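Reader: Before accepting the terms used in a structural description, I should like to see how each one is justified. Please take them in turn.

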Amino acid sequence: VWAAVRGRWHAASREALLLVWAWVALCGLSLLWSRHVDATLDGTAAVAATGLVFLLGAGLTDRRARRRFVFGFAVLGATVAGFAVASVQPGERATTPFGNPNHLAAWLMLPAAVACLATLSVDVGRRGRREDALLGFGVVAVTGAGIAATSSLGAGVAAVVAIVGLAGLRRLGARPGLALAVAVLALTGLGLIALPLLAPGWLSPVSGGTEWSPGLRWAVWSAGARAALEAAPLGVGLGAFPSAFALQRPAGMVYAARHAHSEPLHGLVELGLPFVVLSAATAWVAVRRVGRRLASVPSSFRGGAATALLALAAHSLVDFPLHVPAIALTAAVLAGALWGGASTPRHGAPEGLAATRVSFAALAVLCLALAGTQGYADRAVRRAAVSTELGAFDAAIEIAERGLRVRPQHADLLRELARASEHAYRFGAGGAERMVRATQA
């Protein structure tokens, strides 16, 4: 942001702008068929915010600014990892400050990969570089200890993918290696969707098992795949996965899943075939763009960012790290910086700078507008609750209905509307229509 304010922010490429707006448009259009409009509005705001941060990262082309970012990101990763290790109790898994060990491990993989590549590329023979190497080694050690303290199987798989992916990039070349890695991840994701659908009983849930047990994950994937088939071709709408899962929930499952524990499957359930088409287009453009940049302008930061994102993609096949804001926004910055800005002519402003500024402003306005509707709905919930407690049932009903016009299907507003309507029927002589309204809400 500081680089943008000082005028050192570069324009995003045309492909980046088109992809960002394509994803935002798809999420917004899913309002037309969504089973949970309020959740779709929240999800659209999250996607718009991620796109906005991606554009900021794409404009981060100033070398000094990027160096500061890498330094700060590495120190932040080490700080979080050290805090997590210090907070863990004997016999337990590290979760602080994420509350979930898998999500903590997924986030720590990002600074660990960036710091690792930065350390490996340091020329220790140059003056002042030994300190950089020592700092990088310390960051890798501390973040590695934090990842180990989580005992996350998904993080272990992601680490293996990161090492193999890095070896492939160096052995095969940037573009072929990246294409192979993306193809393998895509085929693995398809397999984790098809196999649970075709063989739902292959792994049976264990009695008393946690939500991280393989049997329960397999059952969730199987139910999610059936939900995707039932909701085809357009899906149930962004954010409406819980309602789709409830209809396919296996008998005996001890909890109702809010996420598919697999980002490709989750996207397929909510956005259907358009999600598949747009994901394939994004992967194809990204491989061409990023592979060309990695090959033409070698950089330890770009190599670290690519390795970190490959690890996150692997982790996303067996969990939902991209639904965690800290992980999604950090990945957006790394992806934007890896993507890079538009080409700059010798004379004049960079190509597409006006379009980038307009897109950035439009995304910011969209995020603020959606956040404003959520704030209005939350305030309406509190006002309706107070009015009901004071016996002003009709006023509470009016407040709740105004809020529902802004945020349809808002769960708390529906609850307050039902409560106020029932009280109006029982204690306020509201008539049978109030009871009907309470039942509808």
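The exchange below concerns a predicted model and the terms applied to it.

Reader: How do you know that the structure holds zero disulfides?

Author: A disulfide requires two cysteine sulfur atoms within 2.5 Å. The sulfur of cysteine 27 has its closest cysteine sulfur in cysteine 367, at 12 Å, and is therefore too far away for a bond. Seen from the other side, cysteine 367 is in no disulfide either, the nearest cysteine sulfur being that of cysteine 27, 12 Å away. The count for the structure is accordingly zero.

Reader: What makes cysteine 27 and cysteine 367 buried or exposed?

Author: The term buried applies under 20% relative accessible area. Cysteine 27 has 2%, so it is buried. Cysteine 367 has 18%, which also falls under the limit, so it counts as buried.

Reader: Why is aspartate 38 called buried?

Author: Its relative accessibility is 8%, and because the limit is 20%, aspartate 38 counts as buried. This residue belongs to helix α3, which spans residues 37-58.

Reader: What makes the pairing of the aspartate 38 and arginine 407 side chains a polar contact?

Author: The cut-off for such a pair of N or O atoms is 3.5 Å. The side chains of aspartate 38 and arginine 407 are paired at 3.0 Å, so the distance satisfies the cut-off. Beyond its neighbours within four places in sequence, aspartate 38 is in contact with Arg407, Pro408, Gln409 and His410.

Reader: What is notable about phi of glutamine 409, and where does this residue lie?

Author: Phi of glutamine 409 is near 65 degrees, a positive value in a residue other than glycine. Glutamine 409 is located in the loop between α15 (393-406) and α16. Its relative accessible area is 33%, and since partly exposed covers the range between 20% and 50%, glutamine 409 is partly exposed.

Reader: Which other residue has a positive phi, and why is it called buried?

Author: Histidine 261 has phi near 55 degrees, again in a residue other than glycine. It is placed in the loop between α10 and α11 (263-296). The relative accessible area of histidine 261 is 4%, under the 20% limit, and it is therefore buried.

Reader: Why is α16 called roughly antiparallel to α17?

Author: Helix α16 (residues 411-427) and helix α17 (residues 432-440) pack at about 160 degrees, with axes 8 Å apart. Angles over 145 degrees count as roughly antiparallel, so this term applies to α16 and α17. Their crossing is left-handed. On the α16 side the contact involves Leu417, Ala418, Ser421, Glu422, Ala424 and Tyr425, and on the α17 side Ala432, Arg434, Met435, Arg437 and Ala438.

Reader: Why, then, is α5 called roughly parallel to α13?

Author: Helix α5 (residues 101-120) and helix α13 (residues 325-339) pack at an angle of about 20 degrees, their axes being 10 Å apart. Angles under 35 degrees count as roughly parallel, and α5 and α13 are therefore given that description. The crossing of α5 and α13 is left-handed. The residues in contact are His103, Ala106, Trp107, Leu110 and Val114 of α5, together with Ala326, Ile327, Thr330, Ala331 and Leu334 of α13.

Reader: What makes alanine 326 partly exposed?

Author: Its value of 36% lies between 20% and 50%, so alanine 326 counts as partly exposed. Alanine 326 is in helix α13. Outside its neighbours within four places in sequence, it is in contact with Phe98 and Trp107. The C-alpha atoms of alanine 326 and alanine 295 are 30 Å apart, with these positions 31 residues apart in sequence numbering.

Reader: Why is leucine 178 called buried?

Author: Leucine 178 has 7% relative accessibility, and because this is under 20%, it counts as buried. This residue is part of helix α8 (residues 174-198). Leaving aside neighbours within four places in sequence, its contacts are Leu169, Gly173, Ala286, Val287, Val290, Gly291 and Leu310.

Reader: Which peptide bonds are cis, and where are the prolines?

Author: The bond from threonine 96 to proline 97 is cis, with omega near 5 degrees, and proline 97 is in the loop between α4 (63-87) and α5. The bond from alanine 232 to proline 233 is cis, with omega near 5 degrees, and proline 233 lies in the loop between α9 (214-231) and α10 (241-248).

Definitions and conventions
Residues numbered from 1 in each chain as written. Predicted model: local features only at pLDDT ≥ 70, side-chain atom pairs only at ≥ 80, totals over all residues. Heavy atoms only, no water. Buried < 20%, exposed > 50% of the residue type's maximum accessible area, 1.4 Å probe, protein only. Helix = DSSP H or I, 4+ residues; strand = E, 2+ residues; numbered from the N terminus. Polar contact = N/O pair within 3.5 Å; in protein donor to acceptor, adjacent residues only side chain to side chain. Contact = heavy atoms within 4.5 Å. Axes fitted to C-alpha atoms, helices over the stretch in contact; angles between N-to-C directions. Parallel < 35°, antiparallel > 145°, perpendicular 65-115°, else oblique. Left-handed = near helix turned anticlockwise from the far one by under 90°.
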